[in-house]
Amino acid sequence: MDPAALSLLLSPEGWALLGALPPYDEDRAMAVSERLRREGVDPALVAAALTQSRLRTRARAKFSDFADGMLFTPEGLEQATRLTVAARHAQRYAVAGCERVADLTCGLGGDAMAMAALGLRVLATDVDELTAALATVNLRHFPDAEVRHGDGLALDLTAEGVDGVFADPARRTAGGRRRHDPASYAPPLDDVLAVRAEVPALGVKVGPAIPHDLVPADAEAQWVSVDGDVVEAGLWFGPLAPEGPGHSALLLGEGGATTVRTPDGGLDAPDVGRVGAYLHEPDGAVIRAGLVAMVAEQVHGRLVDPTIAYVTSDSLVATPLATSYRVLDVMPFGVKRLRTALRERGVGRLTIKKRGTAVVPEQLRKQLDLRGEVDATVVLTRVAGAQSAILVERV
Ligand SMILES: C[S@@+](CC[C@H](N)C(=O)[O-])C[C@H]1O[C@@H](n2cnc3c(N)ncnc32)[C@H](O)[C@@H]1O
């Protein structure tokens with residue numbers, strides 16, 4: 001979006017048009033556009049409004065109904081924290097007793113909105129002028145939220161009376177590629193971490209692939225998954241990490257929230273042994289947090305291989321930390337053998353899960369050439385170092 005399009009949208013006519021558009025439907029967008037232009041609406045406004053309408057529809061996945069009152073850029077939406085996760089961030093500041101929180105890199109305001117909704121006074125900054133303008137629109141319902149265009153690291157936090165700081169540095173290049181090295185985040189992670197010398201209540205959202213050796217020793221690092229997809233890691237300091245430093249995983253899903261963290265005294269390496277009657281696939285956040293041993297402990301199980309994050313057990317103990325499967329068959333991996341086993345079962349549709357093997361699922365599926373009616377799941381992995389195929393069904 002360019003500034004001209006934004007001012008068109010913010011004109012009384014533009015805002016009314018945006019609110020009156022029917023729910024976005026790709027197949028009807030052209031017809032709606034033509035009708036509006038025939039009615040004499042400025043073509044630039046029509047284009048801007050339809051783009052926003054499309055983005056609002058996409059944004060419902062992150063912002064549900066709130067999306068209908070917000071403005072977006074594609075990049076800003078892509079980078080925004082979904083409200084369910086932002087609410088968890090905000091809660092840490094509220095519980096810690098913070099009153100005025102600076103969101104140094106507010107983007108379109110996903111996190112800042114959640115903070116403001118909890119009654120925190122928010123000072124939000126973004127270095128990109130248009131983004132800051134859109135955040136101002138998105139935070140308009142909160143009189144105690146202020147958005148400024150500028151470098152968040154240049155804020156005088158003490159003079160501003162800030163007692164909590166949040167930052168979600170940009171992790172994409174202008175071309176949209178992800179930056180994995182925290183030194184190339186904008187702003188760089190180390191510059192943000194330095195803020196805790198002045199304001200101890202610091203929280204930073206980072207990429208979930210952050211190597212454990214880059215997590216500061218005084219941080220609670222929490223990996224978060226939503227419906228099984230790992231979305232972020234958060235580094236929480238001082239009063240925002242009331243249980244102290246360590247690793248934790250937060251699993252958000254339809255069933256609610258589950259949190260698990262490293263126990264005091266650390267974790268013993270789990271046992272390794274033969275495949276039992278059940279196989280458990282730990283949630284990605286649990287794996288990233290290095291807490292697979294917690295799953296093994298919960299299900300009274302063991303690893304199938306010391307280097308692979310599959311846990312097996314002899315009896316079924318349900319755990320929210322993993323997806324559990326009943327083991328139907330275990331065999332050394334080979335296309336012929338697997339094909340025979342699947343054909344005997346009448347399998348036509350195969351879900352292929354793999355970990356620790358170079359097999360390309362699409363190629364394998366072609367080689368198997370299955371024609372039956374039955375659905376099945378096969379896990380390709382190493383068992384005690386040997387490539388194996390484990391036929392499973394979800395429990
Ligand atoms: C990942 S986005 C933030 C998303 C936000 N947490 C949300 O939920 O909508 C990162 C933002 O940081 C901004 N940014 C990068 N460097 C900055 C700086 N030094 N000061 C302020 N903002 C900065 C970028 O313009 C971008 O909008």
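**Rings, cores and strands in a predicted model**

Q: Leaving aside neighbours within four places in sequence, which residues is alanine 96 in contact with?
A: This is a predicted model, by the way. Contact here means heavy atoms within 4.5 Å. Once neighbours within four places in sequence are set aside, alanine 96 is left in contact with Pro239 and Leu240.

Q: Is alanine 96 buried, partly exposed or exposed?
A: You'll find alanine 96 in the loop between helix 6 (83–95) and strand 1 (100–103). Its relative accessibility is 29%. Buried means under 20% and exposed means over 50%, so alanine 96 counts as partly exposed.

Q: What distance separates the C-alpha atoms of alanine 96 and glycine 244?
A: Along the chain, alanine 96 and glycine 244 are 148 residues apart. In space, their C-alpha atoms are separated by 13 Å.

Q: Are the rings of phenylalanine 63 and phenylalanine 72 stacked, edge-to-face or tilted?
A: A search of the whole structure turns up 3 aromatic pairs. In this one, the ring centres of phenylalanine 63 and phenylalanine 72 are 5.8 Å apart and the planes are at 45°. Stacked needs under 30 degrees and edge-to-face needs over 60, so this pair is tilted.

Q: What is the relative accessible area of phenylalanine 72?
A: Start with phenylalanine 63, which is buried at a relative accessible area of 1%. Phenylalanine 72 is buried too, and its relative accessible area is 0%.

Q: Are the rings of phenylalanine 166 and tryptophan 236 stacked, edge-to-face or tilted?
A: The centres of the phenylalanine 166 and tryptophan 236 rings are 6.2 Å apart, and their planes are at 25°. Planes under 30 degrees apart pass the cut-off, so you can call this pair stacked.

Q: How many residues apart in sequence are the parts that phenylalanine 166 and tryptophan 236 tie together?
A: Phenylalanine 166 sits in strand 4 (residues 164–167), while tryptophan 236 sits in strand 7 (residues 229–236). Both are buried: phenylalanine 166 at 0% and tryptophan 236 at 2%. The separation in sequence of the parts tied together by this pair is 70 residues.

Q: Which residue joins Phe166 and Trp236 in one aromatic cluster?
A: Phe166 and Trp236 are already a stacked pair. The cluster they belong to also includes Tyr93.

Q: Which ring does the charged end of arginine 355 sit over?
A: Look for a charged end over a ring, as with arginine 56, which sits over tryptophan 15 at 5.7 Å from the ring centre. For arginine 355, the charged end is 4.7 Å from the centre of a ring, and that ring belongs to tyrosine 310.

Q: Which helix gives the most to the largest nonpolar core?
A: This core has 54 residues, and Leu21, Phe63, Phe72, Tyr93 and Met115 touch the most other members. It draws at least three residues from each of domain 1 (3–58) and domain 2 (77–261). The top contributor gives 8 residues and spans residues 43–63: helix 4.

Q: Which are the edge strands of the open sheet of 7 strands?
A: The order in this sheet is 11-12-10-13-16-15-14, with mixed pairing. An edge strand pairs on one side only, and that picks out strand 11 (302–303) and strand 14 (347–355).

Q: Which residue in strand 16 is the bridge partner of threonine 381?
A: Strand 15 (residues 374–383) pairs with strand 16 (residues 386–394) in the antiparallel sense over 7 bridges. Across in strand 16, the bridge partner of threonine 381 is serine 388.

Conventions. Residues are numbered from 1 along each chain as its sequence is written. This is a predicted model: local features need pLDDT of at least 70, side-chain atom pairs count only at pLDDT 80 or more; totals for chains, interfaces and linings use all residues. Side-chain values use heavy atoms; hydrogens and water are left out. Rings of Phe, Tyr and Trp (its six-membered ring) pair if their centres lie within 6.5 Å; planes under 30 degrees apart count as stacked, over 60 as edge-to-face and the rest as tilted. Buried means under 20% relative accessible area, exposed over 50%, partly exposed in between (1.4 Å probe, protein chains only). Helices (H or I, at least four residues) and strands (E, at least two) are DSSP runs, numbered from the N terminus. A charge sits over a ring if NZ of Lys or CZ of Arg is within 6 Å of the ring centre and within 35 degrees of the ring normal. A nonpolar core is a set of buried Ala, Val, Leu, Ile, Met, Phe, Trp, Tyr and Cys residues joined through side-chain atoms within 4.5 Å. Domain bounds come from an automatic or database domain assignment. Two strands pair if DSSP finds at least two bridges between them.
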